[in-house]
Amino acid sequence: MTATINAKNNPKLAFPQGIKRYGLPGIFNLIFRPLPTLEAYRNCYGDIYYSPSFAGFPSLIVIGNVEGVETLFTADTELFDSASSNTAFQPLLGNQSILQLDGEPHKKRRKLLMPSFHGQQLQNYGEIIANITQSVISEWQKDDVISMREVAQEITLSVILKAVFGISQGDNYQPLKQQLSRYLDLFNSPVYTSTLFLPALQKNWGRWSPWGNFVYQRDKVYQLLSQEIDKRKTETQGEDILSLLLSAIDEQGEHLTKNEVMSELMTLLFAGHETTASALAWAFYWLHYHPQFYHNIKDELDTINVDTDPMEIAKLPYLSAVVSETLRIYPVALFTFSRTLKTSWEFMGYSLEKGISLAPCIYLVHHHPDIYPNPKEFKPERFLERQFSPYEFIPFGGSNRRCIGYALALYEMKLVLATVLKQVNLKLVNSQPISPVRRGFTTSPKGGVKMQVV
Ligand code: HEM
């Protein structure tokens, strides 16, 4: 059982207990062994603890229980900012995207982007997702060995480029796809991942140094995006995100700058495919690691045809439960963004000063034994037996910063799984359990989940 500090019963606790300072081993553990490290801290300090500043992240109060998450997510959003604590993402995503906005400008940007990920627009993506998946699996031959992480990335990247950005088989499509994969695959290497977390290593000593190569690959992505933006400025605007960003006008009648558009594109491209690709690879792994879940899902997929409406496929209960359990057990993002206090605040009996940040730890909440008994067991049935509140199940965060693309991510995961499982038989190449590893700021299955077509 975890040791939950209940400050309300202990008036002497004015500030949560926690870690005094991360030495080198602490930093190393947080980067390379994040899950056992987070669990060890919870066992030592309780569900709510203090974490000193680490790499580019601010010092913060880690929230690992439902009550804390509910208190934070239902509080007045005017109490907090997030942009100032999101600076660690800047080298990767640029410095002028939604992540760096707060208050009214943040609300406006969400309002601009949101419709592209919901309602009719989302429905329109169904056919594109199924077609892209179909064309990927049509190339598979019996006995081929494939990395599900790579396949999933190929699919999710094509979906975001085609469906969301409206970039189709034109001049820039293939080069952009290849260059983005090359850029993001750098983070399969622990060396590159470390540079993201340790600003001291962010030194450009030329193309052959890790940071130098990172900057070089990133600039190549920027170049291609910049060409695409210039090209699209001269074309008729469609309904895709790039068109929306190019035509948006603020109160002063100004368009977004090219830098702002570029930064937003990078953020959406990254957030929109990297996360979903890792989650999909995990889903394939879990289903094939446990034959009974595979049989259950196959039985459910027998009730649909290849031409069943994608929206109907997305409602299948067992498929939905598998997707939820996949996102619960190893959440791709271990934390939500931090919320930094603009004023002092009483939180769960603690007295917090202006300037301190708070961040729900998605992994700790999803592994809280009070909510999820036997949390380390993969068990989709949990999601059939009961409904979890938006403070108990938080793979996409919550409140005013809740993931913009959550509906697309869920829809995409379900359609890709259904399309592949309905038509291809796969088996895991290795029967050993797969553990999560860092891939930049996210976590991903170690080795990419190698499977064979049977
Ligand atoms: C399985 C897939 C995904 C996961 C697990 C995920 C997770 C998250 C999380 C945890 C946050 C922070 C929320 C908070 O602080 O409360 C977030 C924010 C965000 N996500 Fe996702 N995401 C996924 C897919 C997507 C997709 C498909 C898109 C768009 C194409 C997207 C775009 C964003 C954006 C723009 C934000 C920032 C929102 C803001 O600052 O207001 N994500 N996501």
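Which strands does helix 7 lie across? This tour of a predicted model begins there. Select helix 7, residues 148-164, together with the sheet: the helix lies across strand 4 and strand 12 and runs at about 60° to strand 4.

Next, display the sheet alone. It is an open sheet of 3 strands in the order 4-12-9, with antiparallel pairing. Strand 4 (145-147) and strand 9 (426-428) occupy the edges; each has a single partner strand, so one side of each lacks a neighbour in the sheet. From one strand to the next, the twist averages 35°.

Now select strand 9 and strand 12 (residues 450-453), which are antiparallel and joined by 3 bridges. Within this pair, K427 is found opposite Q452 of strand 12. Add helix 12 to the view: this helix packs on the sheet, where it touches strand 9 and strand 12, and its direction makes about 85° with that of strand 9.

Keep helix 12 selected and turn to the largest nonpolar core, which has 118 residues. Those with the most contacts inside the core are I63, L280, A281, A283, F284, C361 and M413. Helix 12 (residues 258-289) gives the most to this core, contributing 18 residues. Centre on L280: apart from its neighbours within four places in sequence, L280 is in contact with A152, M413 and V416.

Finally, select the ligand. It is surrounded by 27 residues, of which the closest are G272, T336, G397, C403 and G405. Helix 7, helix 12 and helix 18 (406-423) are the elements that give two or more residues to this shell, and helix 12 supplies the largest share, 7 residues. By class, the shell comprises 16 nonpolar, 8 polar and 3 charged residues.

Note on methods: Residues are numbered from 1 along each chain as its sequence is written. This is a predicted model: local features need pLDDT of at least 70, side-chain atom pairs count only at pLDDT 80 or more; totals for chains, interfaces and linings use all residues. A nonpolar core is a set of buried Ala, Val, Leu, Ile, Met, Phe, Trp, Tyr and Cys residues joined through C-beta atoms within 7 Å. A residue is buried if 20 or more other C-beta atoms lie within 10 Å of its own, exposed if 12 or fewer, and partly exposed in between; C-beta atoms are placed from the backbone. Helices (H or I, at least four residues) and strands (E, at least two) are DSSP runs, numbered from the N terminus. Two residues are in contact if their C-beta atoms, placed from the backbone, lie within 7 Å. A residue is near a molecule or strand if its C-beta atom, placed from the backbone, lies within 6 Å of it. Ala, Val, Leu, Ile, Met, Phe, Trp, Tyr, Cys and Pro count as nonpolar, Asp, Glu, Lys and Arg as charged, and the others, Gly among them, as polar. Two strands pair if DSSP finds at least two bridges between them. Axes are lines fitted to C-alpha atoms, for helices over the stretch in contact, and angles run from 0 to 180 degrees between N-to-C directions.
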